[in-house]
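Student: Got a minute to go through this one with me? I'd like to begin with the pocket.
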Amino acid sequence: MSGFRSFTLEEPPFAGRTGGGVRVAVVDSGVHGGHPHVGGVAGGIHIAPDGAEKRDFTDRIGHGTAVAAAIREKAPDAEIWAVRVFGTRLSTTAFALVRAIEWAAGRGVDLINLSLGTQRPKHRGAMAAVVAKAVGRGSLVVSPAVHDGRVWLPGCLPGTAGVELDRECAREELRVSGTGGGGAGGEGPAAPALRFRASGYPRPIPGVSPELNLHGVSFAAANVTGFLARGLEDGAGAPSLLASLGG
């Protein structure tokens with residue numbers, strides 16, 4: 001594909017790595033840590049729509065568990081933290097998302113997976129501020145940037161790993177466009193100017209057609225996070241990894 005470089009799990013900087021020592025926050029509907037495709041979580045929190053913090057991060061709708069499983073498949077030794085912002089449907093407030101990013105970055109995670117976002121421009125300022133704060137603490141937000149012609153926050157912002165769904169991309173493939181350098185457009189610290197494309201399918205379930213399973217841009221973000229967690233295993237940090245992917 002013109003303008004995009006392709007990487008697989010069997011090529012540098014991903015080959016032979018498992019994500020060991022990398023901390024990943026999954027901001028979603030919670031995570032069922034006992035699911036065999038997840039294999040446990042390090043801990044977590046529930047952030048209610050009003051920003052209140054609660055202890056129960058159990059996944060009641062399955063979306064966050066599927067996201068965590070997709071990440072775990074590519075980075076089996078990564079440390080996963082569940083940050084639940086959804087209840088019984090995939091809906092919450094921008095305030096809760098900001099608090100979720102703050103909570104994760106405050107605990108020193110390397111990657112913050114948001115398989116979600118908002119299209120409302122009025123939230124741009126708050127999202128840009130919290131992304132800049134996360135970058136300053138060494139955390140990279142991975143989130144959809146564009147989908148079906150619509151721009152999404154926070155994935156479209158400088159300082160994030162913005163993701164697009166690529167229906168022709170294999171699940172074991174990552175496509176990258178842009179350069180590993182760049183600025184944050186006046187909204188925060190220097191940040192990579194990269195765009196990522198990945199498959200929109202999660203880890204398969206035996207006996208279930210992929211089209212009947214959960215799928216979409218949410219899982220493109222999860223697949224990108226899995227790749228990045230694998231690539232961060234050497235401890236060099238996100239700027240170094242992104243620079244190498246940017247060519």
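Student: How do the residues lining the largest pocket divide into nonpolar, polar and charged?
Tutor: This is a predicted model. In it, the lining of the largest pocket has eight nonpolar residues, eleven polar and one charged.

Student: What volume does the largest pocket have?
Tutor: The volume of the largest pocket is about 400 Å³. There are 20 lining residues, and those closest to the centre are Leu90, Leu116, Gly117, Thr118 and Trp152.

Student: Which helices supply at least two residues each to that lining?
Tutor: Helices α2 (94-106) and α4 do.

Student: Take α2, then. Ala100 sits in that helix; buried or exposed?
Tutor: Ala100 counts as buried because its relative accessibility is 0%, and the cut-off for buried is under 20%.

Student: What does Ala100 touch, leaving out residues up to four places away in sequence?
Tutor: On that count, Ala100 touches Val27, Ile47, Val83 and Val85. The C-alpha atoms of Ala100 and Ala48 are 9.6 Å apart, with the two positions 52 residues apart in sequence.

Student: And α4, where does that come in?
Tutor: In the largest nonpolar core, which has 43 residues. Phe196, Leu228 and Leu245 touch the most other members of that core. Helix α4 (residues 217-231) gives the most to the core, nine residues.

Student: Which residues does Leu228 touch, with the same four-place exclusion?
Tutor: Leu228 touches Leu111, Leu140, Val142, Ala161, Phe196, Leu241, Leu242 and Leu245.

Student: Why would nonpolar side chains gather like that?
Tutor: In soluble globular proteins, nonpolar side chains tend to be buried together. There is also a second, separate core of 29 residues, with Ala25, Val83, Ile112 and Leu153 among them.

Student: Changing topic: how many helices and strands are in the chain?
Tutor: The protein chain has five helices and twelve strands. Of its 247 residues, 52% are buried.

Student: What share of the contacts with a separation of 6 or more comes from residues 24 or more positions apart?
Tutor: Such pairs account for 75% of those contacts in the protein chain.

Student: And the accessible surface of the chain, what does that come to?
Tutor: About 10200 Å², with 52% of that area belonging to carbon and sulfur atoms.

Student: Let's look at the last helix. Gly246 is in α5 (residues 238-246); buried or exposed?
Tutor: Gly246 is buried, with a relative accessible area of 6%. Its C-alpha is 7.2 Å from that of Val176, and the two residues are 70 apart along the chain.

Student: Now backbone oddities. Where are there cis peptide bonds?
Tutor: One joins Pro12 and Pro13, with omega about 5 degrees. Pro13 lies in the loop between β1 (5-8) and β2 (23-28). Another cis bond joins Leu153 and Pro154, where omega is also about 5 degrees. Pro154 is in the loop between β9 (150-151) and β10 (160-165).

Student: What about phi at Asp148?
Tutor: Phi of Asp148 is near 50 degrees, a positive value in a residue other than glycine.

Student: Why pick those features out at all?
Tutor: Most residues other than glycine have a negative phi, and most peptide bonds are trans.

Student: Where is Asp148 found, and is the residue buried or exposed?
Tutor: Asp148 is in the loop between β8 (146-147) and β9. Asp148 counts as exposed because its relative accessibility is 59%, and exposed means over 50%.

Definitions and conventions: Residues numbered from 1 in each chain as written. Predicted model: local features only at pLDDT ≥ 70, side-chain atom pairs only at ≥ 80, totals over all residues. Heavy atoms only, no water. Core = buried A, V, L, I, M, F, W, Y, C linked by side-chain atoms within 4.5 Å. Buried < 20%, exposed > 50% of the residue type's maximum accessible area, 1.4 Å probe, protein only. Helix = DSSP H or I, 4+ residues; strand = E, 2+ residues; numbered from the N terminus. Contact = heavy atoms within 4.5 Å. Areas by Shrake-Rupley, 256 points an atom, 1.4 Å probe, with all protein chains shown as cover. 1 Å grid on protein atoms, 1.4 Å probe; cavity = no way out; pocket = protein on both sides within 12 Å on 5 of 7 lines; lining within 4 Å. Points joined across faces, edges and corners; volume = space filled by probe spheres on them. Nonpolar A, V, L, I, M, F, W, Y, C, P; charged D, E, K, R; others polar.
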